[in-house]
Amino acid sequence: MDLQEQLKKLFPDHTPSEEPETSEEMVHELYIQKEPMICKYEKRNGKPTTIISGYEGEPEDFKLLAKEIKTKFAVGGGIKDGEIVLQGDYREKIMQFLKDKGFKTKRVGG
């Protein structure tokens with residue numbers, strides 16, 4: 001049984017519209033700041049950690065940026081006290097990724 005036939009049985013009075021459905025997706029633009037973002041390396045509990053800080057935009061934008069970085073590099077981490085904390089040493093890759101997005105970066109430590 002076709003889906004259209006099932007819908008006709010459920011809603012006999014409904015007539016489908018002939019207009020094509022349009023969906024407008026809003027592409028969210030991240031705030032690109034003038035000051036560089038700090039990308040540093042630390043060892044926490046004996047494990048390598050990459051920390052990104054210094055973002056001046058909206059906290060929601062920072063969360064989107066963190067999610068994008070974690071997905072792209074397949075790494076665990078989170079946001080804590082205005083910093084993105086990632087498991088592992090990914091400074092070079094992350095700095096290049098941020099530069100490609102238009103951010104300025106500054107390497108600190110190690």
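What pattern does the protein chain follow when read along the sequence? In this predicted model, the order of elements is α-β-β-α-β-β-α-β. That comes to three helices and five strands. The fold is not packed into a ball: the radius of gyration of the protein chain is 22 Å, well over the 13 Å that the globule rule gives for 110 residues, so the chain is more spread out than a compact globule. The spans of the C-alpha trace along its principal axes give another view of the overall form, at about 70 × 35 × 25 Å.

Burial and surface come next. Of the 110 residues in the protein chain, 26% are buried. The exposed area of the chain is about 8,500 Å², and carbon and sulfur atoms account for 50% of that area. As for contacts, taking those between residues at least 6 apart in sequence, 55% join residues at least 24 apart.

Now for the strands, with S2 as the place to start. Strand S2 covers residues 47–53 and is mostly covered, with five of its seven residues buried. It pairs with strand S1 (residues 37–44) in the antiparallel sense, over seven bridges. One of the matched positions puts Ile38 together with Ser53, its bridge partner in S2. S1 and S2 make a hairpin, with two residues between the strands. In the turn sits Asn45, whose phi is positive at about 55 degrees.

S2 also has a pairing with strand S4 (residues 83–87), again antiparallel, and here four bridges are found. Within this pairing, Thr50 stands opposite Leu86 in S4. Strand S2 thus has a pairing with S1 and another with S4.

Turning to charged side chains, a search of the whole structure turns up four salt bridges. One of them links Glu68 with Lys101, with the closest N and O atoms 3.2 Å apart. Glu68 belongs to helix H2 (residues 59–73) and Lys101 to helix H3 (residues 91–101), so this pair ties together parts that are 33 residues apart in sequence. How covered are the two partners? Glu68 is partly exposed, at a relative accessible area of 33%, and Lys101 is partly exposed too, at 32%.

Helix H3 also takes part through Glu92, which forms a salt bridge with Arg107. The closest N and O atoms of this pair are 1.9 Å apart. Since Glu92 lies in helix H3 and Arg107 in strand S5 (residues 105–108), the salt bridge ties together parts that are 15 residues apart in sequence. Arg107 is partly exposed, with a relative accessible area of 38%.

Another salt bridge joins Arg91 and Asp89, and there the closest N and O atoms are 3.0 Å apart. Is Arg91 buried or exposed? Arg91 is buried, with a relative accessible area of just 6%. Asp89, on the other hand, is partly exposed, with a relative accessible area of 41%.

Definitions and conventions:
Residues numbered from 1 in each chain as written. Predicted model: local features only at pLDDT ≥ 70, side-chain atom pairs only at ≥ 80, totals over all residues. Heavy atoms only, no water. Buried < 20%, exposed > 50% of the residue type's maximum accessible area, 1.4 Å probe, protein only. Pairing = 2+ DSSP bridges. Rg over C-alpha atoms; globule rule 2.2 N^0.38 Å. Contact = heavy atoms within 4.5 Å. Areas by Shrake-Rupley, 256 points an atom, 1.4 Å probe, with all protein chains shown as cover.
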